[in-house]
Amino acid sequence: MKFRLIKVHEHDAFMNMALDEAIFEAVRDNQSPPTIRFFKWKPTAISIGYFQGIQNEINLELCKELGIDVVRRMTGGGAVVHENEITYSIIAPESFFPKDVIQSYNVICNCLVDALKELSIEAQFTPINDVTVNGMKISGSAQTRKSGMLWQHGTLLYKTNPEKIFSLLKGRVEKNKLTQSQKKIITCIAEHADVTEHDVVKALENAFSKDREIVHGHYTVDELERAAILAKTKYGTHEWNWMR
Amino acid sequence: MKKIPDGKLVKIDVESDGNKINYVKITGDFFLFPEIAIDDIEDLFKEQPIPLDKAYIIDQFNSLDAQLIGVSIQDIISAIEEVL
């Protein structure tokens, strides 16, 4: 099971999602090896799930005021504010993972659990797609499968600003009302360990490399060129982001 | 809007003339493979008489070769019925 590992890079929302899809296509077409990638978002961005209604979920006026980009993902799941967090993606043939979707979430999310353990934080996989610490969400992931490939990406919160998150995500507020949840539901690494972001990235790299043959690599020229096209013609378009 | 216990959130927009459904839009934070099948699921409900024939819709959904995660087709039917 040989994987290319691409160290953390920073891009805008549209290029980040475009790079994921460009890598997906390259791995699917045997042009690139299965890939694990870490990335950050600049400027701050919100990604919404494939099935979410952009106007239902996001305070678009506030996003515009704060210069926050909004992009629709190829994966389902909920909206995520990408700020003070590290995002991963893993793209490989489906056959590398359990056929059962929840079990495959378990396998990949346990890399996050292991990374947190290295940082002395006890966490656990909480189905369907979360990692929690003392019942509070510290990581969420989203997976899709197509063309015999598995593509999963997710976030690991380094710091949180719950007031800002709740002011940006209208849907999150509604969901909490429905679950009548008054308790704190989100946590972050900084609340549990005195570590740097560099330490977190290192722990993630170690955890995702465990039991896998890793080759450190970079984006190929073809992937970067394809991503630039996808960023312009798909992820940066009103047609895609306002699809639902 | 419906929160599925231990699952995800489903929001329904529906238009009907009282006798049949004209339009359904399903949004939420659930998962569906392949994602594009959401269009087929929404189409399942178009022109369906009210009250809904659940067995027929479930049968039609099963023929789509689509996998819902975090929500079931029964949950979606139930959410639509709550809105109607």
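The paragraphs below go through a predicted model, starting with the sheet of chain A and ending with the contact between chain A and chain B.

In chain A, 8 strands make up an open sheet with mixed pairing. Read across the sheet, their order is β7-β8-β9-β10-β6-β2-β1-β11. The edges are β7 (124-126) and β11 (213-217) of chain A, each of which pairs on one side only. From one strand to the next, the twist averages 25°.

The β11 edge can be followed at the level of residues. Strand β1 (residues 2-11) of chain A runs parallel to β11(A), and 5 bridges join the two. Within this pairing, A:Leu5 stands opposite A:His216 of β11(A). A salt bridge also links these strands: the side chains of A:Lys2 and A:Glu213 meet with an N to O distance of 3.8 Å. A:Lys2 belongs to strand β1 of chain A and A:Glu213 to strand β11 of chain A, so distant parts of the chain, 211 residues apart, are linked by this pair. Over all chains, a search of the whole structure finds 19 salt bridges.

Helices pack on the sheet as well. Helix α1 (residues 13-28) of chain A touches β1, β2 (35-41), β6 (85-93), β9 (136-146) and β10 (149-157) of chain A. The direction of helix α1 makes about 170° with that of β2(A). Helix α4 (residues 101-118) of chain A lies across β6, β7, β8 (130-133), β9 and β10 of chain A, and runs at about 140° to β9(A).

The remaining topic is the contact between the chains. Chain A contributes 28 residues and chain B 23 residues. The size of an interface is often given as the accessible area lost when the parts come together. Between chain A and chain B the buried area is about 2000 Å², and carbon and sulfur atoms give 61% of that area.

Which polar and charged pairs join the two chains? There are 8 residue pairs in polar contact between chain A and chain B, counting pairs with both residues at pLDDT 80 or more, and 3 salt bridges. One of the salt bridges is between B:Glu42 and A:Arg244, with the closest N and O atoms 2.2 Å apart.

On the side of chain A that touches chain B, the elements giving two or more residues are α2 (54-57), α4, β9 and α6 (170-179) of chain A. The largest share, 6 residues, comes from β9(A). By type, the residues on this side of chain A divide into 9 nonpolar, 13 polar and 6 charged.

Definitions and conventions. Residues are numbered from 1 along each chain as its sequence is written. Chains are lettered from A and ligands numbered from 1 in the order in which they are written. This is a predicted model: local features need pLDDT of at least 70, side-chain atom pairs count only at pLDDT 80 or more; totals for chains, interfaces and linings use all residues. Side-chain values use heavy atoms; hydrogens and water are left out. Two strands pair if DSSP finds at least two bridges between them. Helices (H or I, at least four residues) and strands (E, at least two) are DSSP runs, numbered from the N terminus. Axes are lines fitted to C-alpha atoms, for helices over the stretch in contact, and angles run from 0 to 180 degrees between N-to-C directions. Contact means heavy atoms within 4.5 Å. Buried area is the accessible area (1.4 Å probe) that two parts lose on being put together, summed over both. A salt bridge is a side-chain nitrogen of Lys or Arg within 4 Å of a carboxyl oxygen of Asp or Glu. A polar contact is a pair of N or O atoms within 3.5 Å; within protein, one must be able to donate a hydrogen and the other to accept it, and residues adjacent in sequence count only if both atoms are side-chain atoms. Ala, Val, Leu, Ile, Met, Phe, Trp, Tyr, Cys and Pro count as nonpolar, Asp, Glu, Lys and Arg as charged, and the others, Gly among them, as polar.
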